[in-house]
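Biologist: Please give me a close look at one part of this model: the packing of its elements. Take your time and connect the pieces as you go.

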Amino acid sequence: MNLGAFAVLIALGRRGEPNEMLQDFAGVGFRHPVLGLTMAVFMLSLAGIPPTAGFTGKFYLFSAAVDAGYVGLAVIGVLNSVVSVYYYLGVLVQMYMPRARGPSTRRRVGRICWRRSS
């Protein structure tokens, strides 16, 4: 999954997309739908969301740790996985919920916001 995610980054770079900062991914899912979908699958799998292979791998890993008597280690692993979901889903949020780029189209005068007409 890591190799796949980096392959998507390389493909985006070859298409001229900036891909160094998290904000550079804003709207990529709409500009490049196939790359966006593949990156989404890779990120969901890395996060361990069912029914991806990442979930299956984490499930077997944590099950083996519990069966071997390492319950504490399994709990720490699950907690780390929960924290990682925040970071992996952050990429997807940037890709599919872009914020407007560039200067604001609103101007504040007193307590009223006026939209500029072009």
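Modeller: Happy to! Let's begin with helix α1 (residues 2-14) and helix α3 (residues 33-47), which pack at an angle of about 155° with their axes 9 Å apart. Here a helix is a DSSP run of H or I with at least four residues, numbered from the N terminus, and angles run from 0 to 180 degrees between N-to-C directions of axes fitted to C-alpha atoms over the stretch in contact. That angle makes α1 roughly antiparallel to α3 (over 145 degrees, while under 35 is roughly parallel). Before going further, note that this is a predicted model, with local features needing pLDDT of at least 70, side-chain atom pairs counting only at pLDDT 80 or more, and totals for chains, interfaces and linings using all residues. Residues are numbered from 1 along each chain as its sequence is written, and side-chain values use heavy atoms, with hydrogens and water left out.

The crossing of α1 and α3 is left-handed (the near helix is turned anticlockwise from the far one by less than a right angle; clockwise is right-handed). From α1, the contact (heavy atoms within 4.5 Å) takes in Asn-2, Gly-4, Ala-5, Val-8, Leu-9, Ala-11 and Leu-12, and from α3 it takes in Leu-35, Thr-38, Met-39, Phe-42, Met-43 and Leu-46. By class, 10 of these residues are nonpolar, 3 are polar and none is charged (Gly counts as polar and Tyr as nonpolar).

Some of these names return in the largest pocket, which holds about 150 Å³ of space. A pocket is an open set of points on a 1 Å grid where a 1.4 Å probe fits, with protein on both sides within 12 Å along at least five of seven lines, and lining residues have an atom within 4 Å of a point. Its lining includes Asn-2, Ala-5 and Leu-9, together with Met-39, Met-43 and Leu-46. Phe-6, Phe-25, Tyr-87, Tyr-88 and Val-91 line this pocket too. At least two lining residues come from each of α1, α3 and α5 (71-96), and α1 gives the most, with 4 residues. The lining has 10 nonpolar residues, 1 polar and no charged ones.

Following α3 onward, we reach the loop between α3 and α4, where Pro-51 sits. The peptide bond from Pro-50 to Pro-51 is cis, with omega near 5°. Most peptide bonds are trans.

Beyond this loop, α3 and helix α4 (residues 53-67) pack at about 10° with axes 6 Å apart, and are therefore roughly parallel. Their crossing is right-handed. Ser-45, Leu-46 and Ala-47 of α3 meet Ala-53, Gly-54, Phe-55 and Lys-58 of α4. Leu-46 thus belongs to this contact, to the one with α1 and to the pocket lining.

Finally, the axes of α4 and α5 come within 7 Å and cross at roughly 155°, which makes α4 roughly antiparallel to α5. This crossing is left-handed. Lys-58, Phe-62, Ala-65 and Val-66 of α4 touch Val-71, Ala-74, Gly-77, Val-78, Ser-81 and Ser-84 of α5. That contact divides into 6 nonpolar, 3 polar and 1 charged residues.

How values were computed. Parallel < 35°, antiparallel > 145°, perpendicular 65-115°, else oblique. Points joined across faces, edges and corners; volume = space filled by probe spheres on them.
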